[in-house]
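Hi everyone, thanks for coming. I'd like to walk you through a structure today, so let me put it up on the screen.

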Amino acid sequence: MSDWYSNVHLVVRWLHVIAGITWIGHLYFFNFVNVPLQGALDDATKKAVNPQLMPRALWWFRWGAMITFLAGLVLFTLLYMYTPGVGFGPSSLMVDADGLTDRAMWILFGMTLAFIMWYNVWMIIWPAQRRLLTGKVPAADIPAVRRRAFLASRTNTFLSGPMLFGMLAPSHYGAMNSGSALLAIGLGALAIWCSIRASSSVGKLA
Ligand code: HEM
């Protein structure tokens with residue numbers, strides 16, 4: 001067994017990633033599977049399926065987001081705001097003689113995108129879906145509320161690509177500059193765009 005710090009660090013990192021998979025897995029299910037599926041169902045089938053499917057999927061989705069976020073903040077504190085044997089305060093991963101390290105810039109880039117995504121889940125997508133599922137939205141407002149939830153969900157899907165670069169680059173890459181940040185944004189967004197394009201036709205291959 002390693003020292004307590006290494007064990008706590010590994011368990012928090014593991015919790016963070018397993019919760020992140022739960023969150024982003026459901027986000028991709030909603031965007032790549034459920035959007036085209038709903039378009040193919042008639043109203044009677046939607047009324048039978050959605051009250052069973054959506055509350056379950058939304059539960060894993062929003063609580064996955066919350067645990068990812070909280071474990072991520074603990075991980076950030078352990079790595080960047082704490083030094084074993086010294087105490088709390090910016091660690092050597094956070095600042096060096098030149099100021100903010102490249103590693104810190106990468107994780108701050110990833111965390112900023114992830115925070116916007118967490119906000120969209122808890123402040124826009126879930127409140128809208130809860131009101132829709134409990135029948136609290138007047139009929140005339142339903143399309144606008146659905147659209148708002150859809151746009152927040154689509155935004156999150158696009159942000160997830162570059163956000164994951166920001167999560168992986170701190171310990172697996174290095175240099176953070178405008179070129180590497182643009183590469184992360186471009187490749188991340190391209191992967192999501194290709195997946196959305198594919199999602200409207202994959203059902204036809206089955
Ligand atoms: C919600 C806000 C989030 C915060 C505050 C956060 C914070 C962090 C921090 C501090 C690290 C450690 C970086 C380092 O090693 O220097 C990290 C790593 C990581 N995060 Fe996040 N994160 C968030 C969201 C996410 C999401 C949504 C995912 C999706 C799966 C994710 C997946 C990962 C992965 C895979 C790693 C790298 C693990 C490794 O290389 O060992 N994070 N995150």
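What pattern does the protein follow, read along the sequence? It goes α-α-β-β-β-β-α-α-α-α. That is six helices and four strands. Before we go on, please keep in mind that this is a predicted model. For a feel of the dimensions, the C-alpha atoms fill a box of roughly 65 × 35 × 35 Å, taken along the principal axes.

Now to the ligand. Where does the ligand sit among the pockets? The space it takes is the second largest pocket. Around the ligand we find 26 residues, and the closest are R13, H16, Y80, M167 and H172.

Which helices build that shell? At least two residues each come from α1 (4-40), α2 (43-80), α3 (102-133) and α4 (142-172). Helix α2 gives the largest share, with eight residues. If you sort the shell by chemistry, you get 18 nonpolar residues, six polar ones and two charged ones.

Let's turn to the iron atom of the ligand. Which protein atoms are its donors? They are NE2 of H16 and SD of M167, lying 1.9 to 2.3 Å from the iron. Here is a part I like: H16 is in helix α1 and M167 is in helix α4, 151 residues apart, so to speak a link between distant parts of the chain. Counting every donor, the iron has six donor atoms, with angles of 86 to 179° among them, and the site is octahedral. For reference, ideal angles for six octahedral donors are 90 or 180 degrees.

Finally, the polar side chains around the ligand. For R13, a side-chain N or O atom is 2.7 Å from an oxygen atom of the ligand. H172 does something along those lines, with a side-chain N or O atom 2.9 Å from a ligand oxygen. And H16, which we met at the iron, has a polar side-chain atom 2.7 Å from a nitrogen atom of the ligand.

That's my tour, and I'm happy to take questions.

Key:
Residues are numbered from 1 along each chain as its sequence is written. This is a predicted model: local features need pLDDT of at least 70, side-chain atom pairs count only at pLDDT 80 or more; totals for chains, interfaces and linings use all residues. Side-chain values use heavy atoms; hydrogens and water are left out. A residue is near a molecule or strand if one of its heavy atoms lies within 4 Å of it. A polar contact is a pair of N or O atoms within 3.5 Å; within protein, one must be able to donate a hydrogen and the other to accept it, and residues adjacent in sequence count only if both atoms are side-chain atoms. On a 1 Å grid over the protein atoms alone, a cavity is a set of points where a 1.4 Å probe fits but cannot get out, and a pocket is an open set with protein on both sides within 12 Å along at least five of seven lines; lining residues have an atom within 4 Å of a point. A molecule sits in a cavity or pocket if more than half of its atoms lie within 2 Å of its grid points. Ala, Val, Leu, Ile, Met, Phe, Trp, Tyr, Cys and Pro count as nonpolar, Asp, Glu, Lys and Arg as charged, and the others, Gly among them, as polar. Donors are N, O and S atoms within 2.8 Å of the metal (3.2 Å for Na, K and Ca); water is not among the atoms, so sites may look incomplete. Four donors count as tetrahedral if all angles lie between 85 and 135 degrees; four count as square planar and six as octahedral if opposite donors are over 155 degrees apart and all others between 65 and 115; anything else is irregular.
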